[in-house]
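Here's a quick walk through a single chain, written for someone who'd rather look at geometry than read a summary. Have the viewer open and follow along.

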Amino acid sequence: MIELTVDNGVNVDALLNAREALSGAPEAGKFTWQASCKWVKGTHSRSTCQAFYGMGEDQSHKQEFSFESDHPEILAAEDNGATPVELVLVGLASCLTAGVAAVAQRRNIQLKSVSSTLRGSMDLAGILGIDSDVRNGFDGIKVHFAIDADASPEDIRALVAQSQKRSAVFDIVTNPTNITVEVN
């Protein structure tokens with residue numbers, strides 16, 4: 001019998017070791033993520049991420065990551081970047097996709113390709129102040145995955161379901177999160 005080696009690029013042993021270590025030291029698992037944003041002009045802004053807190057101390061990514069955000073020309077802007085709501089979709093897609101890869105690795109399923117399309121629908125009557133009964137945010141998000149893997153359709157659906165269950169961004173988007181806004 002030939003045993004296939006699955007390599008989806010996820011170090012599951014390290015993840016399992018981290019889970020075990022954090023089970024014994026729950027304070028180390030308390031992370032604070034950080035993003036900074038500066039207005040550029042009009043509706044254009046630039047956000048960066050580098051510093052964060054975790055494992056009981058200040059941490060830093062290897063490099064600073066930068067994201068441009070703006071609105072499209074059809075909304076009287078210069079279209080210098082993705083809209084903030086598109087960045088939410090990017091975060092959700094990335095988190096779910098990372099989860100699919102990690103769960104597949106753990107379940108010994110070799111992925112050949114994973115792609116997703118997310119569509120978030122909204123009515124601008126809310127954010128433009130036309131109708132106060134219309135929600136400002138998405139009224140729904142549809143996620144469609146196309147996954148090619150050495151697995152049955154049922155196993156692939158189970159990968160996505162487990163990824164959804166463990167996704168931090170899915171949780172953030174689907175459950176209320178306390179937000180405190182301060183002005184200096």
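Let's begin at a turn: in the hairpin of S2 and S3, Met55 takes a positive phi near 60°. That hairpin has 2 residues between the strands. Keep in mind as you look around that this is a predicted model.

**The hairpin and its sheet**

The two arms of the hairpin are strand S2, residues 44-54, and strand S3, residues 57-69. They pair in the antiparallel sense, and the pairing runs over 9 bridges. If you want one bridge to click on, take Cys49, whose bridge partner in S3 is Phe65.

Zoom out a bit and the hairpin turns out to belong to an open sheet of 3 strands, in the order S1-S2-S3, with antiparallel pairing. Which strands stand at the edges? Strand S1 (36-41) and S3 do, each with a single partner strand, so one side of each is left without a neighbour in the sheet. On average, neighbouring strands of this sheet are turned by 15° against each other, direction ignored. As background, strands of a sheet pair through backbone hydrogen bonds, either parallel or antiparallel.

Edge strand S1 holds Trp39. Is that tryptophan buried or exposed? Trp39 is exposed, at a relative accessible area of 63%. Setting aside its neighbours within four places in sequence, Trp39 is in contact with His44 and Ser45. Its C-alpha atom is separated by 37 Å from that of Leu15, which sits 24 residues away along the chain.

**The whole chain**

Now for the overall layout. The secondary structure comes to 4 helices and 5 strands, and from the N terminus on the elements run α-β-β-β-α-β-β-α-α. The C-alpha atoms fill a box of roughly 65 × 40 × 30 Å, taken along the principal axes. Of the 184 residues in the chain, 23% are buried. As for contacts with a separation of 6 or more, 50% of them are accounted for by residues 24 or more positions apart.

**How the helices pack**

Two packed helices are described by the angle between their axes and the distance between the axes. Helix H2 (residues 84-106) has a packing partner in helix H3 (residues 153-166), and helix H1 (residues 12-24) packs with H2 as well. Here are both pairs:

| Helix pair | Angle between axes | Axis distance |
|---|---|---|
| H2 and H3 | roughly 120° | within 8 Å |
| H1 and H2 | about 95° | 10 Å |

At that angle, H2 and H3 are oblique to each other, and their crossing is right-handed. On the H2 side, the contact involves Cys95, Leu96, Gly99, Val100, Val103 and Ala104. These meet Leu159, Val160, Gln162, Ser163 and Gln164 in H3. The residues of this contact divide into 7 nonpolar, 4 polar and no charged.

The other pair, H1 and H2, is roughly perpendicular. There, Val12, Leu15 and Leu16 in H1 meet Ala102, Gln105 and Arg106 in H2. What's the makeup of that contact? The residues divide into 4 nonpolar, 1 polar and 1 charged. Leu15, by the way, is the residue that served above as the far end of the distance from Trp39.

**Two residues to check at the H3 end of the chain**

Ile156 is found in helix H3. Why does Ile156 count as buried? Its relative accessible area is 15%, and buried means under 20%. Leaving aside neighbours within four places in sequence, Ile156 is in contact with Ile147, Ala149 and Ala151. Its C-alpha atom and that of Phe145, 11 residues apart along the chain, are separated by 9.8 Å.

A little further along you'll come to Ser167, in the loop between H3 and helix H4 (168-174). Ser167 is buried too, with a relative accessible area of 4%. What does Ser167 touch, leaving aside its neighbours within four places in sequence? The contacts are Cys95 and Leu96. Both of those residues also turned up above, on the H2 side of the contact with H3. So if you centre the view on Cys95 and Leu96, you can look at the H2 contact with H3 along with the loop residue Ser167.

Terms used: Residues numbered from 1 in each chain as written. Predicted model: local features only at pLDDT ≥ 70, side-chain atom pairs only at ≥ 80, totals over all residues. Heavy atoms only, no water. Axes fitted to C-alpha atoms, helices over the stretch in contact; angles between N-to-C directions. Parallel < 35°, antiparallel > 145°, perpendicular 65-115°, else oblique. Left-handed = near helix turned anticlockwise from the far one by under 90°. Contact = heavy atoms within 4.5 Å. Nonpolar A, V, L, I, M, F, W, Y, C, P; charged D, E, K, R; others polar. Pairing = 2+ DSSP bridges. Buried < 20%, exposed > 50% of the residue type's maximum accessible area, 1.4 Å probe, protein only.
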